[in-house]
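Reader: I'm in my first year and still learning to read these pictures. Could you take me slowly through one part, the packing on the inside?

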Amino acid sequence: ATAAAFTKAQADHGADLYIDDCASCHGADLDDGQFAPALKGAGFRSRWAGKSAGALFSFVTTNMPPGGAGQISDEDYADIISFLLREGGAKAGDKPLPSDPAALTGMTLPM
């Protein structure tokens with residue numbers, strides 16, 4: 001397995017999407033929401049670090065936002081995950097994070 005990679009443009013776009021689609025529950029700082037768990041920090045890392053990027057992608061595409069799963073394109077979900085990776089300390093590179101679940105299965109989350 002390879003570490004999940006993403007581009008700066010993906011993470012930047014994901015940051016905008018996060019504010020629009022996720023911050024109301026998870027908080028503007030990813031760990032200060034009153035309705036949903038933190039998306040950065042020790043708790044998030046213990047749940048997702050080393051796991052398949054495909055597993056995280058599958059979770060968010062089928063569950064987020066609550067009651068509205070699937071309203072966001074797969075490309076936008078990939079960009080939001082790219083933003084989460086960057087906020088978790090991963091560095092952007094020149095390869096985009098794929099939005100294809102099969103391609104993500106062989107990638108691990110570096111957080």
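Author: Sure, let's walk through the core, its aromatic pairs, the pocket and two loop residues. One thing to keep in mind is that you're looking at a predicted model.

Start with the core. The largest nonpolar core has 29 residues, and the ones with the most contacts inside it are Tyr 18, Leu 56, Ile 81, Leu 85 and Leu 97. Which elements give two or more residues to this core? They are α1 (8-21), α3 (42-48), α4 (53-63) and α5 (74-87). Helix α5 brings the largest share, with seven residues. As a general habit, nonpolar side chains in soluble globular proteins tend to be buried together.

Now zoom in on Ile 81. Leaving out residues up to four places away in sequence, Ile 81 touches Leu 56, Phe 57, Val 60 and Leu 97. Hang on to Phe 57, as that name comes back in a moment.

Next, the rings. Searching the whole structure turns up three aromatic pairs, and here are two of them. To describe such a pair, you give the distance of the centres and the angle of the planes.

Take Tyr 18 and Phe 83. Their ring centres are 5.4 Å apart and their planes meet at 45°, so this pair is tilted. Tyr 18 lies in helix α1 and Phe 83 in helix α5, so the pair ties together parts that are 65 residues apart in sequence. Both Tyr 18 and Phe 83 are buried.

Then there's Phe 57 with Tyr 77. Here the centres are 6.5 Å apart and the planes stand at 80°, so the pair is edge-to-face. This pair also links distant parts of the chain, with Phe 57 in helix α4 and Tyr 77 in helix α5, 20 residues apart. Are these two rings buried or exposed? Phe 57 has a relative accessible area of 2%, so Phe 57 is buried, and Tyr 77, at 4% relative accessibility, counts as buried as well.

Another ring has a charge for company: the charged end of Arg 47 sits over the ring of Phe 59, 4.9 Å from its centre.

Phe 59 leads us to the largest pocket. About 390 Å³ of space lies in there. Its lining is made of 23 residues, and those nearest its centre are His 26, Leu 39, Phe 59, Val 60 and Met 64. The elements giving two or more residues to that lining are α2 (23-26), α3, α4 and α5. So how do you spot empty space at all? You roll a probe the size of a water molecule over the atoms, and that shows where space is left.

Finally, two loop residues. Ala 69 is found in the loop between α4 and α5. With a relative accessible area of 37%, Ala 69 is partly exposed. Not counting residues up to four places away in sequence, Ala 69 touches Thr 61, Thr 62, Asn 63, Met 64 and Tyr 77. The C-alpha atoms of Ala 69 and Phe 59 are separated by 9.9 Å.

Gly 27 is found in the loop between α2 and α3. Its relative accessible area is 5%, and since buried means under 20%, Gly 27 is buried. By the same counting rule, leaving out residues up to four places away, Gly 27 touches Tyr 18, Cys 22, Asp 32 and Gly 33. That brings us back to Tyr 18, one of the core residues with the most contacts.

Key. Residues numbered from 1 in each chain as written. Predicted model: local features only at pLDDT ≥ 70, side-chain atom pairs only at ≥ 80, totals over all residues. Heavy atoms only, no water. Core = buried A, V, L, I, M, F, W, Y, C linked by side-chain atoms within 4.5 Å. Buried < 20%, exposed > 50% of the residue type's maximum accessible area, 1.4 Å probe, protein only. Helix = DSSP H or I, 4+ residues; strand = E, 2+ residues; numbered from the N terminus. Contact = heavy atoms within 4.5 Å. Phe/Tyr/Trp six-rings, centres within 6.5 Å; stacked < 30°, edge-to-face > 60°. Lys NZ or Arg CZ within 6 Å of the ring centre and 35° of its normal. 1 Å grid on protein atoms, 1.4 Å probe; cavity = no way out; pocket = protein on both sides within 12 Å on 5 of 7 lines; lining within 4 Å. Points joined across faces, edges and corners; volume = space filled by probe spheres on them.
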